[in-house]
There are 2 protein chains.
Amino acid sequence: MTDKKLKKTLKIGKAAARLFNKNGFLETTMDHIASAARISKGGMYHYFSSKDEILHFILSNYMDLILGGLEEELDRLKDDSSKIEFIISRHIVLYTENLDEAKTLLHEAHCLPEKYYKTIAEKERKYYRIVANVIEKSLGGRTRMDEGHITALTFLLFGMCNWIYSWYDPKGSVSPEALSDMIRTVFLKGVDEFKP
Amino acid sequence: MTDKKLKKTLKIGKAAARLFNKNGFLETTMDHIASAARISKGGMYHYFSSKDEILHFILSNYMDLILGGLEEELDRLKDDSSKIEFIISRHIVLYTENLDEAKTLLHEAHCLPEKYYKTIAEKERKYYRIVANVIEKSLGGRTRMDEGHITALTFLLFGMCNWIYSWYDPKGSVSPEALSDMIRTVFLKGVDEFKP
């Protein structure tokens, strides 16, 4: 893809994510997206052949952003608490910097046709596995927790991080750094309790 | 309302919640609901004049279940930790016992017309205020946390409790009691860290 084409593709994705988040995927048309991205409807089809394809592009890109270099960064950190801390602040930063994409992932992914949905779900599973592994290791290996309970602990963390879509305003009195800090404090102290 | 009418109304609500949760509110018709509730379409209109009215009935009932007697029960408990513990296990029990209604609240409330939505949002705010007050008191009153941070802490708890819709199977290896216990442990230990 040429630089110019990539730039245009990203611009369409950005405009579409804003509309999907504001009005919902089902309620948004290709015309709306074309108009928001300031491109002719005919021009649009040069980049995307359908609304499904645009939604898939947005979500796939967002998950790539979340996964990109994550394992390498985690390998570089020494202790497990720092790894969890890193995961949390990275999650919150990516969320607040890509609000439309993140909210579209949480609300509209189910609108994707099966073949597209599968690739997003696979990336989500990969993210889940990376985080669950870090949490399991942080428990000291000799933990009495079975897989079900480690899954639960991992999703309690995702719950705190993802539920922010329903209440959090990055421009309000709690900065993204302060929010990450609170989640880190609550979660790490909690995990301590499950150590052997 | 007579007992017979109330029973029928609840039956329609139950059937509709199942369909809303399974197929989405927009995709469900009055015909689908009538057929699932084993009632004639004409008969349905004797109980509800529209799908909006049914959705409102379901969500309003569920919020009443959450709020009903909550403040009285909390007043009866002595220490703040027990109050938080009680809120968590009650939240999880009501969720697991009313999965369709709870998930419909999380996913479809935005489909309600303004006048209906306002009454549900008011009940949600009331619940939020009750929980936030307990959390604030548990911090010891002399906390340095401002309102924004107490709001954040409250929604971290709601995040852990509500995000379970995306992963939790009450019939899996983690029982609702064990789940409540994990959330309680993580949250109470975390809150301790914010005490003066």
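**Figure 1. The copies in this predicted model meet through the same surface, since 100% of the interface residues of chain A are also interface residues in chain B.** Each partner brings its share to the contact: 25 residues come from chain A and 25 residues from chain B. On the chain A side, helix H9 (147–162) and helix H10 (176–192) each put in at least two residues. H9(A) is the top contributor there, giving ten residues. Sorted by class, the side of chain A that touches chain B holds 14 nonpolar, eight polar and three charged residues.

**Figure 2. A rotation of 180° takes chain A onto chain B.** The shift along the axis is 0.0 Å, and the superposition has an RMSD of 0.0 Å. The two copies are thus related as by a two-fold rotation axis. If you go looking for that axis, try Gly159(A): of the residues of chain A, its C-alpha comes closest, at 2.4 Å.

**Figure 3. Met160(A) sits among the best-connected residues of the largest nonpolar core.** That core has 93 residues, and the ones with the most contacts inside it are Leu156(A), Met160(A), Leu156(B) and Met160(B). Setting aside neighbours within four places in sequence, what does Met160(A) contact? Within its own chain, the partners are Ile183(A), Val186(A) and Phe187(A). From the other chain come Leu156(B), Gly159(B) and Met160(B). As a general backdrop, nonpolar side chains in soluble globular proteins tend to be buried together.

**Figure 4. Chain A has ten helices and zero strands.** Read from the N terminus, its elements simply go α-α-α-α-α-α-α-α-α-α. Along the principal axes, the C-alpha trace of chain A spans about 60 × 40 × 30 Å. Of its 196 residues, 31% count as buried. Counting contacts in chain A with a separation of 6 or more, 72% are between residues 24 or more positions apart.

**Figure 5. Domain 1 (3–49) and domain 2 (56–192) divide up chain A.** Taken over C-alpha atoms, the centres of the two domains of chain A are 27 Å apart. Nine residues from domain 1 of chain A and nine residues from domain 2 of chain A make the contact. The domain 1 side of that contact has six nonpolar, two polar and one charged residue.

**Figure 6. Helix H8 (residues 114–138) of chain A runs for 25 residues.** From first C-alpha to last it reaches 35 Å, close to the 36 Å expected at 1.5 Å a residue. Which residues of H8(A) are buried? They are Val131(A), Ile135(A) and Ser138(A). These buried residues pack against helix H6 (80–97), H9 and H10 of chain A. Just after H8(A) comes Gly140(A), with a positive phi of about 100°.

**Figure 7. Helix H1 (residues 3–23) of chain B has the span its 21 residues should give.** At 1.5 Å a residue the expected figure is 30 Å, and the end C-alpha atoms are 30 Å apart, which agrees. The buried residues of H1(B) are Ile12(B), Gly13(B), Ala15(B), Ala16(B), Ala17(B), Leu19(B), Phe20(B) and Asn21(B). Their cover includes H2, H3, helix H4 (51–67) and helix H7 (99–108) of chain B. H1(B) is followed by Gly24(B), where phi is positive again, near 95°.

**Figure 8. Arg38(A) has a positive phi although it is not a glycine.** The value is about 50°. Arg38(A) lies in the loop between helix H2 (30–36) and helix H3 (41–47) of chain A. Is Arg38(A) buried or exposed? Arg38(A) is exposed, with 10 other C-beta atoms within 10 Å. In chain B, Arg38(B) also has a positive phi, near 55°. Arg38(B) belongs to the loop between helix H2 (30–36) and helix H3 (41–44) of chain B. With 10 C-beta neighbours inside 10 Å, Arg38(B) counts as exposed.

**Figure 9. Ser166(B) is found in the loop between helix H9 (147–162) and helix H10 (176–192) of chain B.** It counts as partly exposed, with 13 C-beta neighbours inside 10 Å. Where does Lys103(B) come in? Ser166(B) and Lys103(B) are 63 residues apart in sequence, yet their C-alpha atoms are 9.5 Å apart in space.

Note on methods: Residues are numbered from 1 along each chain as its sequence is written. Chains are lettered from A and ligands numbered from 1 in the order in which they are written. This is a predicted model: local features need pLDDT of at least 70, side-chain atom pairs count only at pLDDT 80 or more; totals for chains, interfaces and linings use all residues. Domain bounds come from an automatic or database domain assignment. Two residues are in contact if their C-beta atoms, placed from the backbone, lie within 7 Å. Ala, Val, Leu, Ile, Met, Phe, Trp, Tyr, Cys and Pro count as nonpolar, Asp, Glu, Lys and Arg as charged, and the others, Gly among them, as polar. Helices (H or I, at least four residues) and strands (E, at least two) are DSSP runs, numbered from the N terminus. The expected span of a helix is 1.5 Å times one less than its number of residues. A residue is buried if 20 or more other C-beta atoms lie within 10 Å of its own, exposed if 12 or fewer, and partly exposed in between; C-beta atoms are placed from the backbone. Copies are superposed by least squares on the C-alpha atoms of residues with pLDDT of at least 70 in both. A nonpolar core is a set of buried Ala, Val, Leu, Ile, Met, Phe, Trp, Tyr and Cys residues joined through C-beta atoms within 7 Å.
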